[in-house]
Amino acid sequence: MKSISIGIIEDNLDFLQSLCGVLKQNSHLNFVTWNSAEDFWTSGQSKDLDLLILDIGLPGMSGIDVLKTYHAVESRKSLVISALQTDDAIFSALRNGASGYIWKSELESLPETIQTILDGGSVISPSIAAKVLLSFRKPQIHSDLCGVEVLTPRERQILELIVEGDNPNQIASLFGTTVGTVRQQIKAIYKKLQVNTRVQMLKKARQFGIF
């Protein structure tokens, strides 16, 4: 069987170990790993991969940013394995070239998922498929009517973490940045959502279907 070259960008070392454990069960799958997008690009190995597997919530450059650049070459294939369940993360990944999006809890079928993508197919989790179908049924709210600017992928990630109860210190630690940087990003979210308090921010986010 032909050897398949796989690249993995994942900063969670425990999950990375589990992921590699699954791949090692298939001798024709050869893989190399990086803990950040910056390390991946510095390696110069992007052109040698049959498939890139990555998370969205990476430290520094996000997974979405990686996809935007990686898929500048049309023949490339990628699979997102993430815990992020926001519509924005999912749709941004698919819009920017990902051939699949599955949850981190779904590794048991990973070899089959990889083969499907390499054969030209696409794979998304059933719950993600439901989100995609639901999106076609939601009335579209235009930003010029609601006064809400589009948040960046990183701002959406921060907003999701705030919804889950994380504070700026925890968010800064997760992304490998400073608390001051996170506070500036939160201020930007406040401005774009046109709110002044955390409670108003969460209400506005839900009102306009961000979460």
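Lysine 104 and aspartate 55 are both buried, and in this predicted model they make a handy place to start. Their side chains meet in a salt bridge, with N and O 3.0 Å apart. The two partners come from distant parts of the chain: lysine 104 sits in the loop between β5 and α5, aspartate 55 in the loop between β3 and α3, and 49 residues separate them.

Lysine 104 has another partner as well. Its side chain forms a salt bridge with that of glutamate 10, at 3.2 Å from N to O. Glutamate 10 belongs to the loop between β1 (4-9) and α1, while lysine 104 is in the loop between β5 and α5, so this pair ties together parts that lie 94 residues apart in sequence. Like lysine 104, glutamate 10 is buried. Put together, Glu10, Asp55 and Lys104 are linked in a network of salt bridges.

The total count is three salt bridges. Outside that network, lysine 192 pairs with glutamate 155, and here the closest N and O atoms are 2.9 Å apart. This pair, too, links distant parts of the chain, with lysine 192 in helix α10 (residues 179-193) and glutamate 155 in helix α8, 37 residues apart. Both lysine 192 and glutamate 155 are buried.

Now for the nonpolar interior. The largest nonpolar core holds 23 residues, and Ile9, Phe40, Leu52, Val80, Ala93 and Tyr101 have the most contacts inside it. Two or more residues each come from α2 (37-43), β3 (51-54), α3 (63-70), α4 (87-95) and β5 (100-103). Phenylalanine 40 gives a good idea of the packing: setting aside neighbours within four places in sequence, it touches Ile9, Trp34, Ser46, Leu49, Leu52, Val66 and Tyr70. There is also a second, separate core of 20 residues, with Leu19, Cys20, Val22 and Leu79 among them.

Leu19 and Val22 turn up again where two helices meet. The axes of α1 (residues 13-23) and α5 (residues 110-118) come within 9 Å and cross at roughly 75°, and the two helices are therefore roughly perpendicular to each other. On the α1 side the contact is made by Leu19, Val22 and Leu23; on the α5 side, by Leu110, Pro111 and Ile114. Six of these contact residues are nonpolar, with no polar and no charged ones.

Last comes threonine 152, in the loop between α7 (143-146) and α8 (153-163). Its relative accessibility is 33%, so threonine 152 counts as partly exposed. Threonine 152 and isoleucine 189 are 37 residues apart in sequence, with their C-alpha atoms 9.2 Å apart in space.

Methods. Residues are numbered from 1 along each chain as its sequence is written. This is a predicted model: local features need pLDDT of at least 70, side-chain atom pairs count only at pLDDT 80 or more; totals for chains, interfaces and linings use all residues. Side-chain values use heavy atoms; hydrogens and water are left out. Axes are lines fitted to C-alpha atoms, for helices over the stretch in contact, and angles run from 0 to 180 degrees between N-to-C directions. Helices (H or I, at least four residues) and strands (E, at least two) are DSSP runs, numbered from the N terminus. Angles under 35 degrees count as roughly parallel, over 145 as roughly antiparallel, 65 to 115 as roughly perpendicular and the rest as oblique. Contact means heavy atoms within 4.5 Å. Ala, Val, Leu, Ile, Met, Phe, Trp, Tyr, Cys and Pro count as nonpolar, Asp, Glu, Lys and Arg as charged, and the others, Gly among them, as polar. Buried means under 20% relative accessible area, exposed over 50%, partly exposed in between (1.4 Å probe, protein chains only). A nonpolar core is a set of buried Ala, Val, Leu, Ile, Met, Phe, Trp, Tyr and Cys residues joined through side-chain atoms within 4.5 Å. A salt bridge is a side-chain nitrogen of Lys or Arg within 4 Å of a carboxyl oxygen of Asp or Glu.
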